[in-house]
Protein chains: 2
Amino acid sequence: MRTGAILIEDLYNELEFWVPYYRLLEAGVELTIVGPKAGIAYQSKHGIPVTSQAAARDLNGTEFDLVVIPGGYAPDRMRRDTGMVNLVRDAYHGGKLIAFICHAGWLAISAGILQGKKVTGFFAIKDDLVNAGAEYLDQPVVRDGNLISSRTPDDLPDFCRTIVSALDE
Amino acid sequence: MRTGAILIEDLYNELEFWVPYYRLLEAGVELTIVGPKAGIAYQSKHGIPVTSQAAARDLNGTEFDLVVIPGGYAPDRMRRDTGMVNLVRDAYHGGKLIAFICHAGWLAISAGILQGKKVTGFFAIKDDLVNAGAEYLDQPVVRDGNLISSRTPDDLPDFCRTIVSALDE
């Protein structure tokens, strides 16, 4: 059984949360919905709630095979929480997969894991990714080691296919 | 290349549209978003728009390998349009796959394709399914020949897996 954490905060992008969420369940991944606090109904941009099952500060990133970070403006909120930042950093350094899409690169930046790495993301945060030491590629999905990144919801088929394939390695 | 029509109308359920939509694109299915009219931005229950690419009345259901019908209250609106009803009926009688979830059984009822068939759906429409001659099973996914049905968004992993598997036959 593979395990994954999927991160949540207010103003998350619906498609970038729910599409990987159900795709990974289909692939047999045991998912935990992780926010800054447990048991909070975080609201999407259009008001669709997702209730967190665990608080990041109570977990260690190395417990999971995979951490998925959806976009929207949620990553701007996630990076304010030390527990969320540490979860991503620890998972990365433990060799776990980190998959982020759209604005979610912001959290990867704050986790300090992008220096010298090839990534993509929403074009509005390209400067932030480059200033964090990453090489920005304008592609539907970019994989560099255990980092997997995509740009927008239109990239979700490539994003999901790459995550599922990487888990099967 | 496999082809599919995914039907749309106002008040569609976001998860039941977008999760199969991106999952089928990932599987290499060429999808057409079909509504009663072409070029209309139909709104989800929470206000997420989907623009139709074609009008059902301009198509024949047998052009597609698969027709997917999302739920929400959209199916109550879809069944008012002769073109949408005929698309499903013609696809069914042409031996194409018909996949419906939640309240989408309403459109299958109006297409007259459920007599003697095993199906599932949201529990609120169980009586309608039974009155249309179907046998209702309370399961995450039910397949009977070229009919595939599920109950709620929680069933999406089973729903998607079964559709993709059926297309591969």
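Here are four short exercises with worked solutions on the predicted model above.

**Exercise 1. Find how chain A and chain B are related, and which surface each copy uses to meet the other.**

Let's start with the superposition.

Step 1. Chain A falls on chain B after a rotation of 180 degrees, with 0.0 Å of shift along the axis and an RMSD of 0.0 Å. The two copies are therefore related as by a two-fold rotation axis.

Step 2. Now look for the residue of chain A that comes closest to this axis: Val19(A), whose C-alpha lies at 2.5 Å.

Step 3. Turn to the interface. Chain A puts 15 residues into the contact, and chain B puts in 15 residues. Helices H1 (14–26) and H6 of chain A each supply at least two residues of the side that touches chain B. H1(A) gives the most, with eight residues. Sorted by class, this side of chain A holds nine nonpolar, two polar and four charged residues.

Step 4. Compare the two sides. Of the interface residues of chain A, 100% are also interface residues in chain B, so the copies meet through the same surface.

**Exercise 2. Describe how helix H6 of chain A meets helix H1 of chain B.**

Geometry comes before residues here.

Step 1. The axes of H6(A), residues 156–167, and H1(B), residues 14–26, come within 8 Å and cross at roughly 70 degrees. Since angles of 65 to 115 degrees count as roughly perpendicular, that is how H6(A) stands to H1(B).

Step 2. The crossing of H6(A) with H1(B) is right-handed.

Step 3. On the H6(A) side, the residues are Leu156(A), Pro157(A), Cys160(A) and Arg161(A); they meet Tyr22(B), Leu25(B) and Glu26(B) of H1(B). By class, the contact of H6(A) with H1(B) has five nonpolar, no polar and two charged residues.

**Exercise 3. Work out how H1 and H6 pack within chain A.**

The approach is the one you have just used.

Step 1. H1(A) and H6(A) pack with their axes 10 Å apart, at an angle of about 40 degrees. H1(A) passes H6(A) in a right-handed crossing.

Step 2. From H1(A) come Leu15(A), Val19(A), Pro20(A) and Arg23(A), while H6(A) offers Leu156(A), Cys160(A) and Ile163(A). This contact has six nonpolar, no polar and one charged residues.

Step 3. Link this back to the earlier exercises. Leu156(A) and Cys160(A) take part in this contact, and both also meet H1(B). Val19(A), another of the contact residues, is the one that comes closest to the rotation axis.

**Exercise 4. Trace the seven-stranded sheet of chain B from edge to edge, and place helix H6 on it.**

Step 1. The sheet is open, with mixed pairing, and its order is S5-S2-S1-S6-S7-S11-S10. At the edges stand S5 (54–55) and S10 (141–144); each has a single partner strand, so one side of each is left without a neighbour in the sheet.

Step 2. Inspect a parallel pair. S1(B), residues 3–7, and S6(B), residues 66–69, pair in the parallel sense over three bridges. Ile6(B) has Val68(B) as its bridge partner in S6(B).

Step 3. Move to the S10 edge. S10(B) and S11(B) pair in the antiparallel sense over four bridges, and Arg143(B) has Ile148(B) as its bridge partner in S11(B). These strands form a hairpin with two residues between them, and Gly145(B) in the turn has a positive phi of about 60 degrees.

Step 4. Finally, add the helix. H6(B), residues 156–167, lies across S6, S7 (97–101), S10 and S11 (147–150) of chain B, running at about 180 degrees to S7(B).

Technical notes
Residues are numbered from 1 along each chain as its sequence is written. Chains are lettered from A and ligands numbered from 1 in the order in which they are written. This is a predicted model: local features need pLDDT of at least 70, side-chain atom pairs count only at pLDDT 80 or more; totals for chains, interfaces and linings use all residues. Axes are lines fitted to C-alpha atoms, for helices over the stretch in contact, and angles run from 0 to 180 degrees between N-to-C directions. Angles under 35 degrees count as roughly parallel, over 145 as roughly antiparallel, 65 to 115 as roughly perpendicular and the rest as oblique. A crossing is left-handed if the near helix is turned anticlockwise from the far one by less than a right angle, and right-handed if clockwise. Two residues are in contact if their C-beta atoms, placed from the backbone, lie within 7 Å. Ala, Val, Leu, Ile, Met, Phe, Trp, Tyr, Cys and Pro count as nonpolar, Asp, Glu, Lys and Arg as charged, and the others, Gly among them, as polar. Copies are superposed by least squares on the C-alpha atoms of residues with pLDDT of at least 70 in both. Two strands pair if DSSP finds at least two bridges between them.
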